[in-house]
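Here are my notes on this entry, set out as numbered points. Please read them with the coordinates open.

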Amino acid sequence: MSATAVATRELLLVEAVNDALHVELARDDSVMVMGEDVGRLGGVFRATSGLRDAFGPDRCVDTPLSEAGILGAAVGLCMAGWRPVVEMQYDAFSYPCLDQLINHVGRYRWRTGGAMAFPLVVRMPYGGGVRAPELHDDSPETYYVHTPGVKVAVPSTPADAKGLLAAAIRDPDPVVVLEPKLIYRTARGAVPEGEHVVPLGKAQVTREGTDVSLIAYGAMVPLAERAAAALEGEASCEVLDLRSLKPLDEESLLASVAKTGRAIVVQEAPRVAGFAAEVAAVLAEKAIFDLRGPVLRVTGYDVPYPYWQIEDAYMPSVERVVDAAQRLLAA
Amino acid sequence: MAQVLPAERDLRRVIGDGDTVPDGEVDGLADHDLVELYRGLVLLRTYDERSVVYHRQGRIGTYAIYWNHEAMQAGSVYALSDDDWIFPSYRESAIGLLRGLPASTVLSWWRGHPAGWWNPADYNVASICVPIATHVPHAAGLAWGKRLRGEPTVAIAYFGDGATSEGAFHEGANIAAVVRAPLVLLCNNNQWAISTPLSAQTAAARLSDKAVGYGMPGIRVDGHDVLAVYEAVREGVERARAGEGPTFVEAVTYRSAPHATADDPSLYIDPDRVAAEQERDCVAVYEAYLTRLDLLDDQRAQAVREEALATMREAITAAEEEPPAGPELVFSHAYGDPPPSLERDLEDLRRVHA
């Protein structure tokens, strides 16, 4: 603790998102929230609860069911001087907005020779394991990371959920924030009150270790921590929470692997060309002489996200991470 | 040959035929406005015709021709105030010239040179939208956002008949209507989307009928009649400014030029119909109108054309004199606060391509 201790509150992850929005809308009157059911209902997960009452229906806007239209309108709102924070109701509901995201959101600043900024945020609950119907479970981060001009953050703790969202709102560029819905109401922690910013592009070691680096983001961070605990006595695991996928904190990534010599990347998304492959490629290019074994991936599979009665077979598990670590240590 | 709409008789028109159909007039337009509209028409026409030549000379790249859509463009822009925002598609690539955007900038855009970048806020002209209809929600958002800020700004979005089949058109029009965005949706129905005729694009009897489904008025106008377009768009702008929301204007034209310099319409279009449509030249129609009013004669028309030609000569020279763009422009401007990886990539590129 520093001498000037910041007052904190114990919040759930989704409450921290809500707290960030209240603070940022109060701080900057050009920030507005828009999306499906965000106003009267406060969002299907209540992430936007209370905003309409506090800031009015013009700054917390219930939109038509129109993901591409919402994001397209947000582009125009930026041109009119607003900083829109767009909610996509669920991960897979965001796919119609990819047209706008790829064709315009990531390109428009460049198209104006840098003269015009598009400081919008797209936030959405993502990921599986919540016993939900089809298309409420996807991990679409790769589509966003792969889009030039767009940044991507994925918090795993309440404090980071608040701080990364605040950073995204203040950033001059479009930022997609993927919120792990699996731990919306199970991750609880101390969250600084008032303004709280966690800079984009800074990973965090959440558990120190010397034998294996478990590299994860979002809901896979607590899973990696449980795997590290399960491996205690057998191996000393370091857990690195990437927090931002773009910009990627390569320095922290390389430092961790330089220390441990072994890397396992955990993601929920399907394996092929997923973000774990990018991490593995960075390690192959820049850390090959530090590595004492292959970079392993524990991921979802290249199948449609399964119906919920069989979703546990799809999701990375503590057992699968432990198995990967044991194989790597035996190599 | 594909079936397309016959020449329409029930479209709003102002300009007569100098014979059996009498000329009308538009309230509020003085003689100098009528001449100013002509200058806009000629500037756009000259830009288009010279661009086709420049393409053949290898001086610009592939170019999307807008020949005989000048009345639709110039008439609508004249109904706006300078604070109002224009969202062009690639078919209106040079519409910014009517707002003082240098022709050299637009030529640079077609030359694939970064000197073709401009700041939309300098002219209230958005970047040229290449994908179809995806700028319709941008225009809705800008118009809505300006209204939320208490500014009286109106936006206009230009798109073709094919764009009305796109989801982005639907979503943009719907959101604009729901939030009562001060917006004019200007559909240039030139009846062809490359080789796809209107009959293969929609089963609607008229594109303007789509407006009712969004809860906004639809106006149908002869897109070759610069004064009729002006009047129709002015009506939409007035509604928008009065807080009554968006208006859909269908300007019926005909694409009597290839889609672009890379297109071969002989594969799909009836040459007789094209020849007939070329006879209905919107610039010539307006010249005849002004001549009947004694506002134009050959000498004055020639002077306006010469002025536009001089503008284009200077513009192509300026565009060709742009120094080659450096590789740093590949990396700069994509982000306000770029990821550190881009700096390393540029260093690497410079090392290899020193």
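1. H333(B) is partly exposed, because 19 other C-beta atoms lie within 10 Å of its own, and a residue would count as buried at 20 or more. The model is a predicted one, and in it H333(B) adopts a positive phi of about 80° although it is not a glycine. The residue sits in the loop of chain B that runs between α12 (328–331) and α13 (340–352).

2. D294(B) likewise calls for a look at its backbone, since it is not a glycine and yet has a positive phi of about 65°. Its place is the loop between α10 (282–292) and α11 (298–320) of chain B. With 8 other C-beta atoms within 10 Å, D294(B) is exposed, the cut-off for that class being 12 or fewer.

3. In chain A, the peptide bond that leads from K246(A) to P247(A) is cis, its omega being near 0°. P247(A) belongs to the loop that lies between β12 (244–246) and α9 (250–260) of chain A.

4. As for the contact between the chains, 37 residues of chain A and 35 residues of chain B take part in it. On the side of chain B that touches chain A, at least two residues come from each of α4 (120–123), α5 (136–148) and α6 (167–178) of chain B, and α5(B) gives the most, with ten residues. Sorted by class, that side of chain B consists of 19 nonpolar, twelve polar and four charged residues.

Notes: Residues are numbered from 1 along each chain as its sequence is written. Chains are lettered from A and ligands numbered from 1 in the order in which they are written. This is a predicted model: local features need pLDDT of at least 70, side-chain atom pairs count only at pLDDT 80 or more; totals for chains, interfaces and linings use all residues. Two residues are in contact if their C-beta atoms, placed from the backbone, lie within 7 Å. Helices (H or I, at least four residues) and strands (E, at least two) are DSSP runs, numbered from the N terminus. Ala, Val, Leu, Ile, Met, Phe, Trp, Tyr, Cys and Pro count as nonpolar, Asp, Glu, Lys and Arg as charged, and the others, Gly among them, as polar.
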